[in-house]
Number of protein chains: 2
Amino acid sequence: MSTSRGGNGRRTAARGTYAVGDERRLRILDAAVEHFAQWGFHASSLARIAKDVGITQGGLLHHFRSKESLLVAVLEHSDEQDVERFFGTEPASAAECFTTLTRLASHNATRLGRVKMFNVLLAEASNPGHPAHAYFTRRNSEVLRRMTGSLRRAVDSGELKPDADCPAVAREAIAVMDGLQLQWALDPEGVDMVAQFRAYADRTLRAITVTGRGLPA
Amino acid sequence: MSTSRGGNGRRTAARGTYAVGDERRLRILDAAVEHFAQWGFHASSLARIAKDVGITQGGLLHHFRSKESLLVAVLEHSDEQDVERFFGTEPASAAECFTTLTRLASHNATRLGRVKMFNVLLAEASNPGHPAHAYFTRRNSEVLRRMTGSLRRAVDSGELKPDADCPAVAREAIAVMDGLQLQWALDPEGVDMVAQFRAYADRTLRAITVTGRGLPA
DNA sequence: GTCTATAACCGGATAGAC
DNA sequence: GTCTATCCGGTTATAGAC
């Protein structure tokens, strides 16, 4: 255990990809997503997660030195896939900003487990003592900051009406996204998350775009 | 334990009020809300809940014969206060429907613990094996059904545009409510849940109301 | 109505064999 | 890198005293 780095693992500098030989780590991460989704953090069990991977609890703790470091690794791993992918490049317009969110909804619609996990952990994390509290607080304000910035630039460029309440629009869009994910997780067949979000995005964008200005695509 | 009725308790027929002598039951219910909010269902502990009330785990199980029946009682107790209060009377118009939702947001803004509990349990309940799965599935479809009905009647009465997508509007409003509650629970000081929802409600109602028709108040 | 005691089990983390 | 063994504590639920 002196050679293991617990929740971090070795990775190349450039893109956060993992060296070969970490397939076991990745399998643990994937299994952990499903367990955190089903049980939340506190009620998840390292032994049950390990069993899904085909090892014992002791074996799992060789890769992640504690339950909390496993949670951190799961969250960081998800962020490498998502946040950079969807928020890495600055949107050139408000329209593109909403399009990006719709594509994110579309992507999430293919990963029920991850959505359920984020639903549960986000809800749990409202407690300051929760190990994911800092993560979600930071993540929320970061997404809010980026989107508000994009919308403000769109106001400056003349795309959006000058009186658009950028922080409020951003917060509302996030609320719709999170709220739809809750409903979709409860009833994946009965809720068309992507269509619902696209309808919201189109209507909201239209409402704050300067009149007569055509929307791309 | 043969005289206790576990999760139901005795109540008068008319309004679900509890007979005197059930103060202990009510205190347990209140404590349980805080624990389910903080720990979720699985990771909550009867002994810790009991300790908050000033009794032992054994004493608690005299009032609720199992952990699951305690959860059911908590949910039913909340519904007596909320759903009937806000959805008992049929809204006379779409405007009143949205006003009712805004008042519900306002009411919820005074009860952080209950909001946190519903956030966590709703997220957890997406798992079919969760003891609250049936409750939230039913509750969601019920709220959706009622609101969709109200909107449809508003279309028929000429208040709303004929092409309004009533189920989509209803689902979206619920998503905004739930999503804002997640953000508010994470940062109660930094999020004005009521103002955010009112802004959403006003704008959305305006977008689907027939042009030139004045909005009450 | 509340307590204590107990049954039977599961939790995370550590140590050390291989 | 994975296992087994172990420590110490927590979990729900039951039984029975008072």
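User: In this predicted model, which helix of chain B holds both B:Phe197 and B:Tyr200?

Analyst: B:Phe197 and B:Tyr200 are three residues apart, about one turn of the helix. Each of the two, B:Phe197 and B:Tyr200, is buried. The element that contains them spans residues 193-208 of chain B and is helix 10.

User: Is the ring pair of B:Phe197 and B:Tyr200 stacked, edge-to-face or tilted?

Analyst: The ring centres of B:Phe197 and B:Tyr200 are 6.0 Å apart, and the planes stand at 50°. Planes under 30 degrees apart would count as stacked and those over 60 as edge-to-face. The angle of 50° falls in neither class, so the pair is tilted.

User: Which residues have the most contacts inside the largest nonpolar core?

Analyst: The largest nonpolar core has 70 residues. Beyond its neighbours within four places in sequence, B:Phe197 is in contact with several residues of chain B, including B:Phe98, B:Leu101, B:Ala173, B:Val176 and B:Leu180. The residues with the most contacts inside this core are A:Leu151, A:Phe197, B:Leu151 and B:Phe197.

User: How many residues are in the second, separate core?

Analyst: Among the members of this second core are A:Ile28 and A:Tyr135 from chain A. Chain B is represented by residues including B:Ala50 and B:Ala73. The number of residues in this separate core is 64.

User: What is the geometry of the ring pair A:Phe118 and A:Phe136?

Analyst: A search of the whole structure finds eight aromatic pairs over all chains. For A:Phe118 and A:Phe136, the ring centres are 5.8 Å apart and the planes stand at 85°. Planes over 60 degrees apart meet the criterion for this class, so the pair is edge-to-face.

User: Which helices of chain A does the pair A:Phe118 and A:Phe136 tie together?

Analyst: Both A:Phe118 and A:Phe136 are buried. Ring pairs also link these two with A:Tyr135 into a cluster. A:Phe118 lies in residues 112-124 and A:Phe136 in residues 133-156, so the pair ties together parts that are 18 residues apart in sequence, namely helix 7 and helix 8.

User: Which side chain has an N or O atom 2.6 Å from a phosphate oxygen of DNA strand C and belongs to chain B?

Analyst: 16 residues surround DNA strand C, and the closest are A:Ser45, A:Arg48, B:Arg24, B:Thr56 and B:His63. From chain A, a backbone N or O atom of A:Ser44 lies 3.0 Å from a phosphate oxygen of the strand, and a polar side-chain atom of A:Arg48 lies 2.6 Å from one. From chain B, the side chain in question is that of B:His63.

User: Which element gives the largest share of the surface near DNA strand C?

Analyst: By class, this surface has three nonpolar, 10 polar and three charged residues. Of the atoms of DNA strand C within 4 Å of the protein, 57% belong to sugar or phosphate. The largest share, four residues, comes from helix 3 of chain B.

User: Which element gives the most residues to the surface near DNA strand D?

Analyst: 16 residues surround DNA strand D, the closest being A:Arg24, A:Thr56, A:His63, B:Ser45 and B:Arg48. An N or O atom in the side chain of A:His63 is 2.5 Å from a phosphate oxygen of this strand, while a backbone N or O atom of B:Ser44 lies 3.1 Å from one. With four residues, the element that gives the most is helix 3 of chain A.

Note on methods:
Residues are numbered from 1 along each chain as its sequence is written. Chains are lettered from A and ligands numbered from 1 in the order in which they are written. This is a predicted model: local features need pLDDT of at least 70, side-chain atom pairs count only at pLDDT 80 or more; totals for chains, interfaces and linings use all residues. Side-chain values use heavy atoms; hydrogens and water are left out. A residue is near a molecule or strand if one of its heavy atoms lies within 4 Å of it. A polar contact is a pair of N or O atoms within 3.5 Å; within protein, one must be able to donate a hydrogen and the other to accept it, and residues adjacent in sequence count only if both atoms are side-chain atoms. Helices (H or I, at least four residues) and strands (E, at least two) are DSSP runs, numbered from the N terminus. Ala, Val, Leu, Ile, Met, Phe, Trp, Tyr, Cys and Pro count as nonpolar, Asp, Glu, Lys and Arg as charged, and the others, Gly among them, as polar. A nonpolar core is a set of buried Ala, Val, Leu, Ile, Met, Phe, Trp, Tyr and Cys residues joined through side-chain atoms within 4.5 Å. Buried means under 20% relative accessible area, exposed over 50%, partly exposed in between (1.4 Å probe, protein chains only). Contact means heavy atoms within 4.5 Å. Rings of Phe, Tyr and Trp (its six-membered ring) pair if their centres lie within 6.5 Å; planes under 30 degrees apart count as stacked, over 60 as edge-to-face and the rest as tilted.
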